[in-house]
Amino acid sequence: MENGAAQPVIVAIDGPSGTGKSSTSKAVAAQLGLSYLDTGAQYRAITWWMVTNGIDIDDPSAIAAVAGKPEIVSGTDPNAPTITVDGTDVSAPIRTQEVTSKVSAVSAVPEVRARITELQRSIAAGAEHGIVVEGRDIGTTVLPDADLKIFLTASPEARAARRSGELKGADLHSTREALLKRDAADSSRKTSPLAKADDAVEVDTTDLTLAQVIECVVTLVEEKRAGK
Ligand SMILES: Nc1ncnc2c1ncn2[C@@H]1O[C@H](COP(=O)(O)OP(=O)(O)O)[C@@H](O)[C@H]1O
Ligand SMILES: Nc1ccn([C@H]2C[C@H](O)[C@@H](COP(=O)(O)OP(=O)(O)O)O2)c(=O)n1
């Protein structure tokens, strides 16, 4: 674009756990001056609220009945993303093993998805310079008109190695099994499952460094912008 500021650009980055969505999205957004939204953190936050309030995670109707109660606020600065529930900073407690093991069940409830999807769309619509939104159903359901859709993949072995590295020496085999179980649940749910959009660019990150993935996505965004 020759005159004035660039048009806001909407980038959707989806894929299973450990493919590099968060690290890539944050870096791309920071490099290009865009906002950043971690939608997994929002599903983790509502799961944390359900657990904290004693809601039976095995009862979808109990979850649905209170899905509208917690107020979830996401800060979208890629250099300092934040997440609060009813004013409380939950950035640490949403990463516990307990929340991780329950998030797929909570996020499969249609009333939860409807509420969080609406919130995501309003955040994306309000992003002045554009936004990178990462999750599982962004390209297919939340922002089907995104300017660019990326679907990140990597072998289960690479993903488990990355995750157990983060969890400070967690057993590789059990990390791999837990990750595959969550992927299966997220891919098989009825409402907006984890899936690649038909028009998404698939990037296999198994043998790429994080820097290479970031460079690849930045180039794709710049090409899109140039063509706009
Ligand atoms: N291409 C890559 N090569 C090696 N490690 C990576 C790569 N991409 C991400 N990582 C690391 O793997 C871990 C998981 O990445 P993350 O961005 O949280 O994935 P996701 O959001 O898809 O679950 C992080 O520790 C990150 O630094
Ligand atoms: N758009 C999204 C994002 C996440 N979810 C659900 C399903 C995922 O297992 C959980 C947690 O997502 P998150 O991105 O934090 O997962 P990882 O930490 O990358 O493994 O939330 C979803 O259903 N839809």
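Which residue follows α2, and what is the sign of its phi? In this predicted model, α2 is followed by Gly54, and the phi of Gly54 is positive, near 70°. The helix that comes before Gly54 is a good place to begin a tour of the structure.

Helix α2 is built from 14 residues. From its first C-alpha to its last, α2 reaches 20 Å, close to the 20 Å expected at 1.5 Å a residue. The helix is mostly covered, with 11 of its 14 residues buried. Hydrophobic and other side chains can be picked out by name here: the buried residues of α2 are Thr39, Ala41, Gln42, Tyr43, Arg44, Ala45, Ile46, Thr47, Trp48, Trp49 and Met50.

The same helix leads to ligand 2. Around ligand 2 there are 15 residues, and those that come nearest are Ser17, Gly40, Tyr43, Ser107 and Gly135. Two or more residues of this shell are given by each of α2 (39-52), α4 (97-107) and α8 (172-188). It is α2 that gives the most, with 5 residues. In chemical character the shell is mixed, as its residues divide into 4 nonpolar, 6 polar and 5 charged.

Attention can now turn to strand β1, which spans residues 9-14. This strand is mostly covered, and 6 of its 6 residues are buried. Val9, Val11 and Ile13 point one way from β1, whereas Ile10, Ala12 and Asp14 point the other way; all of them are buried. Strand β1 also has two partners to meet. With β6 (residues 130-135), β1 pairs in the parallel sense over 6 bridges, and Val11 stands opposite Val132 of β6. With β7 (residues 148-153), the pairing of β1 is again parallel, over 4 bridges; here Ala12 stands opposite Lys149 of β7.

A last stop is Leu32, a residue of helix α1 (residues 21-32). Is Leu32 buried or partly exposed? Leu32 counts as partly exposed because it has 19 C-beta neighbours inside 10 Å, while a buried residue needs 20 or more. Along the chain, Leu32 and Gly130 are 98 residues apart, yet their C-alpha atoms are separated by 9.4 Å. Once its neighbours within four places in sequence are left aside, Leu32 is in contact with Val218 and Val221.

Technical notes
Residues are numbered from 1 along each chain as its sequence is written. Chains are lettered from A and ligands numbered from 1 in the order in which they are written. This is a predicted model: local features need pLDDT of at least 70, side-chain atom pairs count only at pLDDT 80 or more; totals for chains, interfaces and linings use all residues. A residue is near a molecule or strand if its C-beta atom, placed from the backbone, lies within 6 Å of it. Ala, Val, Leu, Ile, Met, Phe, Trp, Tyr, Cys and Pro count as nonpolar, Asp, Glu, Lys and Arg as charged, and the others, Gly among them, as polar. A residue is buried if 20 or more other C-beta atoms lie within 10 Å of its own, exposed if 12 or fewer, and partly exposed in between; C-beta atoms are placed from the backbone. Two strands pair if DSSP finds at least two bridges between them. The expected span of a helix is 1.5 Å times one less than its number of residues. Two residues are in contact if their C-beta atoms, placed from the backbone, lie within 7 Å.
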